[in-house]
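Hi,

Here is the structure I said I'd pass along. Have a look at it first, and my notes follow underneath.

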Amino acid sequence: MRRFDAEYLEHTRSGMWADSRAALDPLELGSADSVLDVGCGTGEFSRVLAEETDGQVVGCDADPELLAVAGEFVPVVAGDATRLPFRDGAFDVVTCQALLVNLPDPAVAVEEFARVAADRVAVVEPDNAAVTVDSTVEREAGLARAARAAYIAGSDVDPALGSDAAGLLREAGLVDVEMRRYEHTRTVAPPYDEADLQAVAKKASGAGLASDEASLRATLSDAEYDDLRESWREMGREAAAQAADGDYRRVETVPFYVTTGRVGDGD
């Protein structure tokens, strides 16, 4: 499973669900007495859940450093998504956000969700193959698209799982499966905050691309990877120059799919 630090999670989820929470309606959070957020990370989604229910929200994650952050907002329990440390039917709703796309065998996790859920399971997962980028740096969108395609092709997980998650829920025995789409838009525009400037600096240094080097090299030749890295850094330097003048703007839209299902009666 891919590992993320707290800074990355907080930055990439900043503003998510601030515009609309209509896609979360099928979770029926208003009637839930207990909700489990699996793979909660720093608790970004846990906080949204807690705002939508009067019941108790519990975060669960395998990373103690991330749990330490999430624990400032909700009760937390250390645990593996494929071996949850809870009894059968312990929570009304069991959910996750951007977890399954990082697991080598997401079906096992969904089966655990179904075991621990008394009523509903909901997975909120992106389709990273359908991400779009609009930028004042002319070649940024094309480079982002090329890097994303190579990363997905070389990944040992399914970064585009979000739009196909319904099958996983049905295979786990869940019924009344439905899906809603939510678009998370991340905008970098003046006035820039520190996170924006750090993101631009990573482009210029190539550090952001290097974090996915193993997956990229799985499908690109050495020469292709080197060419992509150099083009990426040149693009980053152009973005940094625009940012210095207050002219840089980037809008990234990530489609998330909220897929929900009910626990069957066992018949």
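**S46 and the strands around it**

S46 has a relative accessibility of 1%, so it counts as buried, the cut-off being under 20%. Bear in mind that this is a predicted model.

Where does S46 sit? It is found in helix α2, which covers residues 44–52. Leaving out residues up to four places away in sequence, S46 touches D37, C40, V57, G59 and V74.

That helix belongs to a bigger arrangement: β1, helix α2 and β2 form a right-handed β-α-β unit. Strand β1 (residues 34–38) and β2 run parallel and are joined by five bridges. If you want a spot to start from in the viewer, try L36, which stands opposite V58 in β2.

What does β2 pair with besides that? Strand β3 (residues 76–78) also runs parallel to β2, with three bridges joining the two. Here C60 has V77 in β3 as its bridge partner. The connection has a helix in it again: β2, helix α3 (residues 64–70) and β3 make a right-handed β-α-β unit.

So how many residues of strand β2 are buried? Five of the six (residues 56–61) are, so the strand is largely enclosed by the rest of the structure. To recap, β2 is joined to β1 by five bridges and to β3 by three.

Shout if anything looks odd on your side.

Cheers

Technical notes: Residues are numbered from 1 along each chain as its sequence is written. This is a predicted model: local features need pLDDT of at least 70, side-chain atom pairs count only at pLDDT 80 or more; totals for chains, interfaces and linings use all residues. Side-chain values use heavy atoms; hydrogens and water are left out. Buried means under 20% relative accessible area, exposed over 50%, partly exposed in between (1.4 Å probe, protein chains only). Helices (H or I, at least four residues) and strands (E, at least two) are DSSP runs, numbered from the N terminus. Two strands pair if DSSP finds at least two bridges between them. A crossover is right-handed if, with the strands pointing away from the viewer, the path from the first strand over the helix to the second runs clockwise. Contact means heavy atoms within 4.5 Å.
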